[in-house]
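Biologist: Could you put the model up, so that we can go through it together?

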Amino acid sequence: MVEPRPSAPTGCEGTEVVIEVDGLSMVYSERGAETVALQDANLSVLNGEFVSLIGPSGCGKTTLLRLVADLIQPTSGRLEVAGKSPRQARLDREYGYVFQAPVLYDWRTVLKNVMLPLEIMGVPRDERRLRAARLLERVGLSGFHQQYPWQLSGGMQQRVSIARALAFDPKLLLMDEPFGALDEITREAMNLELLRIWEETRKTVVFVTHSIPEAVFLSGRIVVMTPRPGKIERVVEVDLPYPRDPETRESERFFELATEVREALRGGH
Amino acid sequence: MPAFRQVLPILVVLAAVIALGYPLALVFGLPLARRDLSDLRKWRKELVTSLAPSDLTPLAEGGAITFSPQPGRSVLVLEGHPLEVEPDTDANAVAAAAGRPLLVPGEVPERLTDLLYRFPVEALAGEGADAIYAGTRLLKEGISPAAERPDGKRLDFTFEGAEGPVLVADRLLLEGEGFNFDQGRVILSEAPPFGSEVRRIAADYAVLDAAAGIVALARPAAAPLQWAQEVVRLAERLGGESDGANRLFTLEHTPVLENDRGRALYLDGSPLRGNGERPSERVSGERATFTFESASGLVVLDGRVLIEGIDYHHSGTEVVFVKPPARNARLRLHPDYLLVDPERGEVLLAEPPMPGAVLWVAEYSYYSEPACGPTLYQCFLALPQHPVPFPHWIARRVAPFMSKFPLNDERNVVRATFYTTLGTLAALGLGGIVGILLAVVFVLLRPLERALLPWVVASQTIPIIALVPVLLLVLGNFGITIQTSLLPTALIGAYIVFFPVVVGTVKGLRSIDPLALDLMRSYAATPSQLFLKIRFPAAVPFLFTSLKLGTAAALVGALVAETESNNRRGLGFQILGQVQSGNVADVWILLILSGLLGIGLVALVGLLERIFAPWKRA
């Protein structure tokens, strides 16, 4: 607790804008029917920030994340990631992506799963082994190098997935409901773990979630989104100080913020 | 307990074999056995003939005459006439009753060589041929044909139960001059011409040339050779009372052969005719008067004996019916007697014999018993090639079948299994590689898949049995046969294997979670990285599943290929050969062997899978 830790919710790591979203829209058209997944979104995410996207299904939070990752292309609007086009950011491997499912490769051991992005990026064998081992240690899976994914629990699998996303040390961590499939107890443990990792690595994190307590507990800022059409309703600043611990969840401010987010969500309807 | 667990599968298999094998064998075998029992054609035929005395001494010196074997109802017969003496009596009594000697000596045969004699022609005709004797010993005739047919080149022949000289056509060959022995086979020094008769004397003598009266002896006669024109004989007497009214008599041994040309029935000294005469006219349905050769006898219409005076009456050689017999009815006149019931051996005479007359039979045949034995069980056991043999029959055949040919002979079963295994493995390898390449091409180039997949499917609808001859013919033009190369088997097997491999591998290559593809995209992976690191490993379990399916099919393909006519290698040839020669137990051994081979090969693929895809859940 004596170590200096980022304590301010925003802006303390500098003012470098990592993600710049400007009037971004995404319209899916299938067989003539058009679905507006995201309408006129505006958002800036600063370096080292932990930003959550929250909202009900169909509000465009995953769409926004996928747009940032250049997995899909926007219909209109401007988007910059690390000061580049999303495509260039992807080619430069500026972000690591964590999906709701762990998406581990069955035929690779835990260690090799973490090594996969390094392999693809052409990191020499010894170094990638070293880095993968370090990351597995960081997520608390030191003893599981040679296990196959199916031998791990859901929480452990997701931790491998996080280690893999961090393996090549990207500037940005995009997480799409990474703990959505986990039970409440595991999820809270994972939340603490994620916060610890975030504080150690100081990545910029964009975190998509359904869960109000999770968003409040983790984030510096919460982007509240509403569906049909998906748009950003408002941004809630979370002024709970870091580092946060389980007691944070019981503080009065926590409940006030949760209520604020809840009301913002309701306001969209 | 762990030991028990290991043995358990074997016990289960054994229990299944016993619980299924024996009832099935019984269910399938008993009807055949029953048919064997009831089918008279499959019964053993035995000949009843009048017996000559086993020893001629008493005929000359007046001791008791013995016959063997002793028939039940019997009568002594001399020169075709029954003697009024109880059989098995002393020769003097018989001679007295006959009022003449019991042996009529014939001409002394002319000695040509030690072994060849010339008899008067009449000596060899009919029953008289029994009465050749050396000193007082009656000689037996017997000859045995060769098991092999002479083809103009063959020198070695085998004979059953014959020990005397060899006869080629009407030439007599002696051991040492003309033939030698080698391991129970007769080796002739000169090949008999194609189609000639090769025989061997089986008893004391054989008739070499009946027309010239030439007889060959098995060994030089110990005493001067003689021929008796007539000898007292023991014949069977028919059962039934000769009281002047009874017409029904019975033969002792039943069931009697119905159409027996050799049957010779006598009433006292005169032979009786048993064959039916046909009418001179057609049975038209309108005609009522028919002419026969004989003027009297039994009139039989469709197997029914008609009654004179009610159904018809005789008028000379004409039979006049009261009512015309039906068109095409079977009308016969039996002048002397009719075998009314072959089953019970009943004979109906046309006229009742005079009181005291003796009805006897010199020769007839009857069915002694089913060839397999008198009981169903014996017949079942005797079924030589039973479609579902008892498991222990199969087990008993294993060792002899495996060692039928030496290991270095390609017809050896172990060697055949080896050939088939190699062929199947080659097919797996070839089919696997072709299948994987095709799958990769299909996944990389979708339009090509759309163009080629229907043909791949079509290739599998061609029955392999039709493809094999064509392929073998084509390969044969290049001098490649199953006999000399693994390639044909491998090609045919591969043709079967590649299909499941293509389908499975394509599915495997496409089995990637879309998120996993997104992930690779987020890593900015190149297409080749995506293929090598993600698609291909993901396809490996699918590939092995397909290979397992393919293995079983490839084995069948190899077996079918090996049934090709010019081939003598592999289990396919073995199965075909044993099926064709009807060795059912051996076929079963081969079926089981093929099954075990299939299990083994699939297990081998499973082992490879464990090595190459260790991540799969146990």
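Modeller: Helices here are DSSP runs of H or I with at least four residues, strands are runs of E with at least two, and both are numbered from the N terminus. This is a predicted model, in which local features need pLDDT of at least 70 and side-chain atom pairs count only at pLDDT 80 or more, while totals for chains, interfaces and linings use all residues. Residues are numbered from 1 along each chain as its sequence is written, chains are lettered from A and ligands numbered from 1 in the order in which they are written, and side-chain values use heavy atoms, with hydrogens and water left out.

Biologist: OK, what follows α8(B)?

Modeller: That is B:Gly479, which has a positive phi, near 80°. The helix itself takes in residues 464-477, and its 14 residues reach 20 Å from first C-alpha to last, close to the 20 Å expected (1.5 Å times one less than the number of residues).

Biologist: And which residues of α8(B) are buried?

Modeller: B:Ile464, B:Leu467, B:Val468, B:Leu472 and B:Leu475 are buried, meaning under 20% relative accessible area with a 1.4 Å probe and protein chains only, where exposed is over 50% and partly exposed lies in between. They cover an arc of only 125° around the axis (taken from the directions to the C-beta atoms), so they sit on the same side of α8(B). The face turned away from that side carries the exposed B:Leu473 and B:Asn477.

Biologist: What do the buried ones pack against?

Modeller: They pack against α9 (487-509) and α11 (527-562) of chain B, with contact meaning heavy atoms within 4.5 Å.

Biologist: Switching to chain A, which residues of α8(A) are buried?

Modeller: In that helix, residues 252-267, the buried ones are A:Phe254, A:Leu257, A:Ala258, A:Val261, A:Ala264 and A:Leu265. Seen down the axis, they fall within an arc of 120°, so they line one face of α8(A), whereas A:Glu252 and A:Arg266 are exposed on the other side. The buried residues pack against β3 (50-54), α7 (212-218), β8 (221-226) and β9 (231-237) of chain A.

Biologist: How much area do chain B and chain A bury between them?

Modeller: About 2,200 Å², counted as accessible area (1.4 Å probe) lost on being put together and summed over both, with 64% of it on carbon and sulfur atoms. In chain B, B:Arg521, B:Tyr523 and B:Trp615 lose the most area to chain A, together 32% of what that side buries. The contact takes 21 residues from chain B and 25 residues from chain A.

Technical notes:
Buried area = accessible area lost by both parts, 1.4 Å probe.
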